[in-house]
Amino acid sequence: MDINKKYSAIILSAGKSSRMGVHKFSLRFNDSTTFLENMVNEYNAFGCNEIIIVLNPDGASFLDQLKLSLPSNVTIAINHHPEWERFYSLKLGAKLLLKTDSTLVSNIDNPFVNHSVLSLLTKHYKEADYLNPIYKGKGGHPFLISEKVIADLRSEELDQIHMKEFLGRYSKKSVEVDDESILLNVNTNEEYRRLFG
């Protein structure tokens, strides 16, 4: 990571997880951490100044009950309209950032955060406004957006834009990584059992 450069992270977790039947952020990543704790811990260890977690109201209430130990640089954003999809969650998260740093964006259904991937994305931050990792030609998560994109999210008047349409406004760079986990998503109990046993 560029020691002179500051980064933030936004974790999108406002979906209703209807196919899983439980809030995905509470799924066990290993014996000691949940999906959410793993992601937050990894972003924190990478040096992210701010970590915003976007939840729906039910998820926020459930998170309170779990009493997870989260670092002091974590802020919770509440999405009261999860039906408005990911762009609105991203916009809410951007508005809670104290600074318009370049920001790493993850979906909770991909709980794998690999420092080598983060390092590669942040290494190329000057080369585009939107950088995404690719593995064998397929794009995955997390992706990195520039200060300009964050500033535009904060000032965007519309709440319902397709994420791809919004990000399509910006210069893009795909960064080749040697990590298949960027492609993995956990949307069903079957996928969870296959990946985590």
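## A walk through the strands

Start by selecting Tyr130 and Ile145: the two are bridge partners, with Ile145 sitting in strand 7. Keep in mind while you click around that this is a predicted model.

**Strand 5 and its partners**

Now widen the selection to residues 130-135, which make up strand 5. Six of the six residues here are buried, so the rest of the structure largely encloses this strand. Turn on the side chains and you'll see two sets: Tyr130, Asn132 and Ile134 head one way, while Leu131, Pro133 and Tyr135 head the other. Residues on both sides are buried.

Next, bring in the strands that pair with strand 5, one at a time:

- Residues 143-145 are strand 7, which runs antiparallel to strand 5 and is joined to it by two bridges.
- Residues 172-176 are strand 8, which runs parallel to strand 5, with five bridges between them. Pick Leu131 and look across to Lys173, which stands opposite in strand 8.
- Residues 138-139 are strand 6, antiparallel to strand 5 and linked by two bridges. Here the pair to highlight is Ile134 and Gly139, standing opposite each other.

Before moving on, zoom in on the hairpin that strand 5 makes with strand 6, where two residues separate the strands. Which residue there takes a positive phi? Click Lys136: its phi is positive, near 50 degrees.

**Over to strand 1**

Select residues 7-13 for strand 1, where seven of the seven residues are buried. Is each face covered or open? Colour Tyr7, Ala9, Ile11 and Ser13 for one side, then Ser8, Ile10 and Leu12 for the other; both faces are covered.

Add residues 102-107 to get strand 4, which pairs with strand 1 in the parallel sense over six bridges. Ser8 and Thr103 are a good pair to label, since Thr103 stands opposite Ser8 in strand 4. Then add strand 2, residues 50-55, also parallel to strand 1 and joined to it by six bridges. Ile11 has its bridge partner in strand 2, namely Ile53.

**Two residues to stop at**

First stop: Thr33, in the loop that runs between strand 1 and helix 1 (35-46). Buried or exposed? Its relative accessibility is 13%, so Thr33 counts as buried, the cut-off being under 20%. Show its contacts beyond the neighbours within four places in sequence, and you get Leu27, Arg28, Asn38 and Asn41.

Second stop: Leu63, found in helix 2 (residues 57-66). Leu63 comes in at 8% relative accessibility and therefore counts as buried. With sequence neighbours within four places set aside, its contacts are Phe25, Leu36, Leu55, Leu68 and Ile76. Try a distance label from Leu63 to Ile76: they are 13 residues apart in sequence, with 9.9 Å between their C-alpha atoms.

**Zoom out**

Finally, show the whole protein. You should count seven helices and eight strands. The C-alpha atoms fill a box of roughly 40 × 40 × 30 Å along the principal axes. The radius of gyration is 16 Å, which agrees with the value near 16 Å for a compact globule of 197 residues. Buried residues make up 53% of the chain. For contacts with a separation of 6 or more, 73% are between residues 24 or more positions apart.

Switch to a surface view to finish. The accessible surface is about 9,700 Å², with 46% of that belonging to carbon and sulfur atoms. Colour by charge and you'll find 23 positive and 25 negative side chains, the centres of the two sets lying 2 Å apart.

Conventions
Residues are numbered from 1 along each chain as its sequence is written. This is a predicted model: local features need pLDDT of at least 70, side-chain atom pairs count only at pLDDT 80 or more; totals for chains, interfaces and linings use all residues. Side-chain values use heavy atoms; hydrogens and water are left out. Helices (H or I, at least four residues) and strands (E, at least two) are DSSP runs, numbered from the N terminus. The radius of gyration is taken over C-alpha atoms; the globule rule is 2.2 Å times the number of residues to the power 0.38. Buried means under 20% relative accessible area, exposed over 50%, partly exposed in between (1.4 Å probe, protein chains only). Contact means heavy atoms within 4.5 Å. Accessible areas come from the Shrake-Rupley method with a 1.4 Å probe; for residues, only the protein chains shown count as cover. Lys and Arg count as positive and Asp and Glu as negative; His and the chain ends are not counted. The place of a charge is taken as NZ of Lys, CZ of Arg, CG of Asp or CD of Glu. Two strands pair if DSSP finds at least two bridges between them.
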